Amino acid sequence: MKNGIVRFVALAVFNVAVLLLIGVLLPGVSVGLNALWASVVLTLAALFVKPLLAGAFRKSAAKSASERTKAGEKVVQYVLVYVVELIIWVLTVLLSGVRASGFWGFVLPPVALLLGWVIYDRIDDRMRAKTAEIYDSVQAKVRGGSRSTPAPATNTAASESPETAAAREELRDGLTPEQRRMLDELG
């Protein structure tokens, strides 16, 4: 359940940011404070409707063409993803206070959502880790105890490469080894 909550919160926060940018940058789209409710609609659609629609579109596309080139297949994938994004955008406009008017108010926001979700996929792991950390600290405070620390790993440090150890250390405090060394030299 924790993973589901963390995923929902991380995606909802990111969707609020994307919706606010869409409202500011795109003509014919008015978002405002409705970004909060629209973010919930977008997040639910991304978590439940998007996989169903994408699967259905892929299935029908696979049936329609037996021989395709790699470039042609990529074009078909992008068109299908855009169609899914368009459906999700229409649902968001219908189910929230977001207003879209004119042709560009319905054509451009799915492109912006698509770009936003590509960026989200790139930073998803870091956002989930930070959200999980916040979730754990709030849960510990609600329970009245101290923040729980993860159980120590079974002696994997001896078997991991120096790069893996450095990456693990960077995830712990967010600093690269060089940044950590420079910080140590300052203080």
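This passage describes the nonpolar core of a predicted model and two buried residues, Val98 and Thr92. The model is predicted, so local features need pLDDT of at least 70 and side-chain atom pairs count only at pLDDT 80 or more, while totals for chains, interfaces and linings use all residues. Residues are numbered from 1 along each chain as its sequence is written, and side-chain values use heavy atoms, without hydrogens and water.

The largest nonpolar core holds 26 residues. Such a core is a set of buried Ala, Val, Leu, Ile, Met, Phe, Trp, Tyr and Cys residues joined through side-chain atoms within 4.5 Å. At least two core residues come from each of helix 1 (2-25), helix 2 (35-64), helix 3 (70-95) and helix 4 (104-143). Helix 1 supplies the largest share, seven residues. Helices (H or I, at least four residues) and strands (E, at least two) are DSSP runs, numbered from the N terminus. Leu19, Ile22, Val29, Trp89, Val98, Trp117 and Tyr120 have the most contacts inside the core.

Val98 lies in the loop between helix 3 and strand 2 (99-100). Its relative accessible area is 0%, so Val98 is buried (under 20%; exposed is over 50%, partly exposed in between; 1.4 Å probe, protein chains only). Beyond its neighbours within four places in sequence, Val98 contacts Val29, Ser30, Val31, Asn34, Ala38, Trp89 and Val93. Contact means heavy atoms within 4.5 Å. Gly23 is 75 residues from Val98 in sequence, yet the C-alpha to C-alpha distance is 8.8 Å.

Thr92 sits in helix 3. Thr92 counts as buried because its relative accessibility is 0%. Neighbours within four places aside, Thr92 is in contact with Ala38, Val41 and Leu42.
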